[in-house]
Amino acid sequence: MNSKNAVVFSCMYTPVAPLEKWSAAKKTEWASNRRFYSCNAEPGEIDVTEYIADDEKVARPDDELLREQAAERLGINLADRIPDKSEARSIEEYMTRFNTLGAFNLGGAMTKREIEEWKKNAQKTKATLYHGVLSLPAWQSKLVGYEDIERLVRQTFGGFLKNAGFDPNNVALMCAMHDNTENKHFHFTFYEKAPLYRDKNGKLSYRRKWNIDKQTLNEYRMSATAYLDEHKKDLSKYRTVVVQSLRGVPTDSDLYIELRELADKLPKSGRLQYNSDNVAPYRKDIDALASMLMRRSPEAMNAHRNVLREIARRGKAIAETGTKSDYVKRLTAEYKSRLGNVVLGMVKNFRRNPKSTVRGEPKSCKQHKAAARRRRTHGAAIIRETLRIFDGGQKSVQADFTRNLARAEREIEFENVASVNNEKRNRS
């Protein structure tokens with residue numbers, strides 16, 4: 001793995017007591033780590049909260065993010081509106097409870113009281129203290145800030161804890177992002193709040209299996225890599241350019257002839273969706289018409305190539321984690337299906353508006369020309385209307401595309417985690 005181009009993730013542990021078989025040097029190292037992470041530092045030493053608070057290292061949330069989180073915790077929904085005076089006052093008052101350390105957990109920025117509670121319980125816990133770091137490559141560090149890292153933790157770290165065998169609701173987590181190096185990174189430390197495991201005598205105890213296996217660590221690296229990549233704007237921007245460029249595609253006779261022939265081929269009943277079994281035998285024809293549309297617009301074709309390049313780059317980033325995944329195949333298939341559904345939208349529109357049908361059987365040359373003219377006019381209207389729907393509006397296919405692709409990408413992220421959990425259950 002090339003750490004310059006990939007996310008680096010590690011998670012270590014410090015048990016409540018050293019093992020007898022450990023060397024004197026290792027026991028000394030253990031004692032120092034335990035004091036540091038349990039906030040029981042001796043005079044002249046620092047603890048983990050002081051390290052997190054280092055002004056030269058720590059990145060802190062801005063007021064706007066804290067204001068949003070305060071409203072969320074107070075149960076105030078500010079979607080599409082501004083707060084009234086009483087709500088605004090409540091939010092400002094609650095904001096004073098947030099810390100100035102930049103610490104956060106699965107619920108977002110931690111309050112001063114939450115940090116004090118975390119520190120107090122860490123000082124007396126008999127649980128193993130876990131700690132580690134996730135570091136980003138330099139190129140990616142330029143693209144993310146505190147809010148991105150906090151969102152990453154909120155959205156993905158709970159899945160890591162579950163996969164590692166913890167109950168996220170029973171974990172006291174504290175994180176902090178540092179941006180003092182070219183590789184932005186976040187430190188984390190956590191411990192179990194209560195003993196949930198039975199020992200050989202039936203007594204409740206804390207987790208005794210300290211080590212977290214490499215596969216679980218590697219899966220989280222893959223998940224974090226995918227999450228950070230998917231929340232960049234590049235892919236979304238390229239796809240939007242493809243969509244918007246198609247709007248200006250000329251509605252020539254060749255397009256109309258291909259559309260009419262495809263409409264004749266496709267089943268007259270059943271679902272007309274790209275991924276449906278009903279349409280499966282005709283996907284090559286649908287792809288060909290989608291390509292025909294894009295070839296009419298150099299801008300659309302260029303953006304289309306950018307989409308494919310960006311998907312390939314993401315696949316390479318996933319491969320850097322050492323994890324095998326069909327990520328590229330799945331993302332490419334989703335993109336193709338959305339373009340295919342544009343074409344199928346044209347077919348549906350064509351069938352709903354049979355205005356090009358000839359009134360009677362044309363006999364004279366004049367009647368044949370009139371019929372051809374009606375078909376051309378009808379074809380142009382069909383293509384323009386479908387592309388208009390695809391390109392804009394609250395109920396556009398583009399909105400569907402973005403929403404469904406985001407859902408597919410989330411499924412891809414956690415697919416391996418679910419697979420591993422199933423394997424563990426089957427083995428047991």
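This report walks through some features of a predicted model, from its sheet to its rings and a few single residues.

**The sheet**

A good place to start is the open sheet of six strands, which has antiparallel pairing and the strand order 1-4-6-5-2-3. At its edges stand strand 1 and strand 3 (108-109); each has a single partner strand, so one side of each is left without a neighbour in the sheet.

Now look at strand 5 (residues 171-178). Why can this strand be called largely enclosed by the rest of the structure? Eight of its eight residues are buried, so the strand is largely enclosed in that sense. In a regular strand, side chains alternate between the two faces of the sheet. Strand 5 is covered on both faces: one side carries V171, L173, C175 and M177, the other carries A172, M174, A176 and H178, and all are buried.

Strand 5 has pairings to strand 2 and to strand 6. With strand 2 it pairs in the antiparallel sense over two bridges, and here A103 has A176 as its bridge partner in strand 5. With strand 6 the pairing is also antiparallel, over eight bridges, and A172 has Y191 of strand 6 as its bridge partner. A hairpin through six residues joins strand 5 to strand 6.

Strand 6 (residues 185-192) is also joined to strand 4 (residues 129-135), by six bridges, and the two run antiparallel. If you find L134, you will see that F186 in strand 6 stands opposite.

**Helix 4 and its buried side**

Next comes helix 4 (residues 85-95), where E87, I91, Y94 and M95 are buried. Why do these residues belong to the same side of helix 4? They cover an arc of only 105° around the axis, which puts them on the same side. The background is simple: an α-helix has 3.6 residues a turn, so residues three or four places apart point the same way. Helix 3 (63-73) is included in what covers the buried residues of helix 4.

**Aromatic rings**

A search of the whole structure finds 19 aromatic pairs. One of them is Y13 with W210, a tilted pair with 5.9 Å centre to centre and 40° between the planes. This pair links distant parts of the chain, 197 residues apart: Y13 is in strand 1 (residues 8-14), while W210 is in the loop between strand 8 (204-205) and helix 8 (214-230). Y13 counts as partly exposed at 32% relative accessibility, whereas W210, at 12%, counts as buried.

F104 and Y146 also pair: their ring centres are 5.5 Å apart and their planes are at 80°, so this pair is edge-to-face. Since F104 lies in strand 2 (residues 103-105) and Y146 in helix 7 (residues 146-163), the pair ties together parts that are 42 residues apart in sequence. Both rings belong to buried residues, with F104 at 0% relative accessibility and Y146 at 8%.

Ring pairs also link F9, Y130, F157, F160, F166, F186, F188, F190 and Y220 into a cluster. F186, the residue opposite L134, is therefore a member of this cluster as well.

Two arginines lie over ring faces, as this table shows.

| Arginine | Ring | Distance from the ring centre |
|---|---|---|
| R207 | F166 | 4.3 Å |
| R283 | Y274 | 5.7 Å |

F166 in the table is also one of the rings in the cluster.

**Single residues worth a look**

Some buried residues carry names you might like to locate. E219 lies in helix 8 and counts as buried at 6% relative accessibility. What does the side chain of E219 contact? It makes a polar contact with the side chain of N163, at 2.6 Å.

E310 lies in helix 12 (residues 298-320) and is buried, with a relative accessible area of 6%. From E310 to D229 there are 81 residues in sequence, and the two are 9.8 Å apart in space, C-alpha to C-alpha.

Finally, turn to C39, in the loop between helix 1 (24-37) and helix 2 (48-52). Most residues other than glycine have a negative phi. C39 is not a glycine, yet its phi is positive, at about 60°. C39 counts as buried, at 5% relative accessibility.

How values were computed. Residues are numbered from 1 along each chain as its sequence is written. This is a predicted model: local features need pLDDT of at least 70, side-chain atom pairs count only at pLDDT 80 or more; totals for chains, interfaces and linings use all residues. Side-chain values use heavy atoms; hydrogens and water are left out. Helices (H or I, at least four residues) and strands (E, at least two) are DSSP runs, numbered from the N terminus. Buried means under 20% relative accessible area, exposed over 50%, partly exposed in between (1.4 Å probe, protein chains only). The arc is that of the directions from the helix axis to the C-beta atoms. Contact means heavy atoms within 4.5 Å. Rings of Phe, Tyr and Trp (its six-membered ring) pair if their centres lie within 6.5 Å; planes under 30 degrees apart count as stacked, over 60 as edge-to-face and the rest as tilted. A charge sits over a ring if NZ of Lys or CZ of Arg is within 6 Å of the ring centre and within 35 degrees of the ring normal. A polar contact is a pair of N or O atoms within 3.5 Å; within protein, one must be able to donate a hydrogen and the other to accept it, and residues adjacent in sequence count only if both atoms are side-chain atoms. Two strands pair if DSSP finds at least two bridges between them.
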